[in-house]
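Dear colleague,

Please find below the structure that I am handing over to you, with its sequence. My findings follow it.

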Amino acid sequence: MIFEIGHFALIMALMVAAAQAVIPMMGAAKNNARWMAFAGPASYVQVILVAISFAALIYAFVSSDFSAKLVVENSNSTKPMLFKITGVWANHEGSMLLWVLILSLYGAAMAAFGANLPAGLKARAIAVQAMVAVGFYLYILLTSNPFIRLMPPAVDGQGMNPLLQDIGLAFHPPFLYLGYVGFSVAFSFSIAALIEGRVDAAWARWVRPWTMAAWVFLTFGIALGSWWAYYELGWGGFWFWDPVENSSLIPWLAGTALLHSAIVVEKRDTMRAWTVFLAIITFALSILGTFLVRSGVLTSVHAFVSSPLRGAFILVLLTIVTGGSLALYAWRGPQLKSPVLFQPISREGALLLDNIMLTTGAAVVLLGTLYPLFIDILNKFSGGTDKISVGAPFFNATFVPLMIPTIIAMAVGPMMSWKRSDLGPAIVRLRFAFVAMLLAVAAAWSISSGGSSVLGPIGMGLAAWLGIGTLLELTGRIKLFKAPVAESWRRFRRIPRSSWGMTLGHFGMAVAIAGMAGAGGWKTESIQVMRPGDVVNVAGFDFAFKGARQGRGPNYQTTIGTFEVTKNGNKVTSLYPEKRNYPASGIPTTEAAIHTLVTGDLYAVIGNKQKDGGYVTRLYFNPMVVWMWVGSLIMVFGGAVSVTDRRYRIGAPKRRRRPAVQPQAAE
Amino acid sequence: MAMNSRLKFIIPLAIFLGLAVAFGIGLTMNPKDIPSVLINQKLPPLDLPPLKGRDKRLTTADLTGRITLVNVFGSWCFACLIEHPFLMKIRAEGKVPLYGIDWLEKNRDDGPKWLKEKGDPYIIVGDDPNSKAAIALGVTGVPETFIIDHKGVIRYKQVGPMNDEIWNKTIWPIIEELRQRQKEGDGK
């Protein structure tokens, strides 16, 4: 019964969304206050209905209701409770329901926090949000309905892929969706602005916190996925340039560009058309990601089981949303051009450069991701048989070199002033960062002893440049060592939160880059068969294998190995890697044993038992890995600090209610 | 002047529409399809030993003279189990001779046991534990079925289990066309 209530609630949410899409939009066109005011309450009702629907689905999983087809396909009575709950969104239908729940949540939040928005903009934006929602409700109800019953009910479920029965992976989708779907807010505001025919500094000030919130969640979601891959997949890798991974990176790059571009609109009232375009593209890329993951168009380890119908529906939805908005942009965009000029060497110039680099980066990753598809299509029409896959070598050769100048510029940009600036003084201020960079490159080069890749030292150098450069900007701002301590302290306390956002964001990025450089640049690996008593040395650490025993978990059997790790005779740690077998699905998983040090991770994996009593083992020293996670958290924290800046809540200016007059942006 | 700046605004839409068309075409294709480079090439020389307890070898000579199907399977393969009833149907209907290659069995008893329990749809089965035939044929997984014409040339490779739909839409039309060509004797 509850299950059917969930189904019904979803249908009602569709109807509310349809009304929400039409009435406020017409109200804004006719300047009818009551119709425009419909947006807020409609969005609240919509989110409550979707929440009820989602709760009903959770209930079905938690109570192991095997008359529900989705529960049978994805759950099992022996599955631990936590994973029964997270299993709700570990499949296509459930995750789409989570997607629309988050979409409607953002819509309701726009209504709740939009007190100082002009009525017309608010109504239009919420209406656009509802239009997108209507598309997705139809998609779910018509092609991916989670509320289908199975008659007769099954005795037990088929279980969930054991790889997904993991805490890191369980929370990865919700954060990703809070991220991608969050970009819908900037999208809705952009469409609303295009319809109204104006974009100004006030608009940018409204859009930024929403974009920042989405960015924070997306960064966290991607980092979580990467961390999961690192500890679960057993090879010490953290990024594989898989099409689905790329689908999350591309909107992240575009979203980062959008954040920076919005600053220029806010501060200098220029780059307006470009920012609107970016906002449209970022959300379009999120939907594109959804399409690529679920349509079967690309081969990926991540892809959900797909059907051509689902793929076709999403493609139509993508075409309407993106095509429609780009058409609107083509029509109304030219009206947004700003007469404001700036010199290339200026903060605007730096932000523009950053935008160009990030967008080019996004385009490059997109091209690499779609290239196999393009070649396949070409083959279809030319009869060729080349089948290619695009992986790390392509992206390392194209994306990485593109990011190098971007990172260099990231330290210089904040040093520059608006409108026009001089490059010389900025570079001079960064001299310590330059020295730090040289030292880091030298240190990395010697540690990796000439090493496998030149990217390791380059990465460390860039990380030092950016990290020290960001700190130098901070110390310059508070006039550290140039003014009395009291004065420096006073300045420190008065730094606005959005500036902290920049400092922490850039610094976090530096730390993360250092981590990536280390983990990618000079990791040590050793694969061998070991018998109890064998000792292997990896990167100065002695791994002594003490044997393996059998064990049992709630829904799996396991082989647990024991390693004692010492360095120069001193005990460092004990490691217990596992190889698990899940009877319900027959899929084995490896649970690597990881010990984290500041300089790197000790990483041990146990494999199959050999006929002679030995075990295949893989032992790694992965340098600097923890820096990646710490750096990501610093960035996430910086973004969160920025969102809470008072300027976004209080003092955001109201537009003058005289439509004939261009609104003035209050600074 | 106005046209130039207008163009800037229309380009994204144009690019997107092109992409949408590409995606539409992409939906009709299967990225996992690895095209066989052996299509329209002569069958590589085959000489596989019989399964345990049988006496007939599977050789290239068996596969020339008429249109034949060669199905690669294994007792360890789940999808082959799903395909099996369909193969029995082909055998019962007798429309096309079906030969089998038992690939990668660890134990010499596994293959015969599986065929005894489930039924044997094949005229002759070759044993290929060391993947000699599989590598020569470019087998990428099981089950795979090859259509061989009367001159011993590989004409089509079906990746994955066959069923009624695939048979009616793809396999049988190819066999019919090959038979037509054989009758006309154009020797291509």
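Which residue of β7(B) does Glu144(B) stand opposite? The partner of Glu144(B) is Val159(B). Please note before reading on that this is a predicted model.

The pair belongs to strands β6 and β7 of chain B. Strand β6, residues 144-148, is joined to β7(B) by 5 bridges, and the two strands run antiparallel. In general, strands of a sheet pair through backbone hydrogen bonds, in either a parallel or an antiparallel manner.

The wider arrangement in chain B is an open sheet of 5 strands, with the order β5-β4-β3-β6-β7 and mixed pairing. β5 (125-128) and β7 (154-159) of chain B are at the edges; each has a single partner strand, so one side of each is left without a neighbour in the sheet. From one strand to the next, the twist averages 20°.

I turn now to chain A. Its division is as follows: domain 1 covers 1-161, domain 2 covers 166-337 + 352-403, domain 3 covers 404-522 + 627-634, and domain 4 covers 524-626. Between domain 2 and domain 3 of chain A, the C-alpha centres are 27 Å apart. Contact between these domains involves 14 residues of domain 2 of chain A and 12 residues of domain 3 of chain A. On the side of domain 2 that touches domain 3, at least two residues each are supplied by α10 (201-232), α11 (243-268), α14 (347-382) and α15 (392-412) of chain A. The residues of that side of domain 2 of chain A comprise 10 nonpolar, 1 polar and 3 charged.

Yours sincerely

Note on methods:
Residues are numbered from 1 along each chain as its sequence is written. Chains are lettered from A and ligands numbered from 1 in the order in which they are written. This is a predicted model: local features need pLDDT of at least 70, side-chain atom pairs count only at pLDDT 80 or more; totals for chains, interfaces and linings use all residues. Two strands pair if DSSP finds at least two bridges between them. Helices (H or I, at least four residues) and strands (E, at least two) are DSSP runs, numbered from the N terminus. Axes are lines fitted to C-alpha atoms, for helices over the stretch in contact, and angles run from 0 to 180 degrees between N-to-C directions. Domain bounds come from an automatic or database domain assignment. Two residues are in contact if their C-beta atoms, placed from the backbone, lie within 7 Å. Ala, Val, Leu, Ile, Met, Phe, Trp, Tyr, Cys and Pro count as nonpolar, Asp, Glu, Lys and Arg as charged, and the others, Gly among them, as polar.
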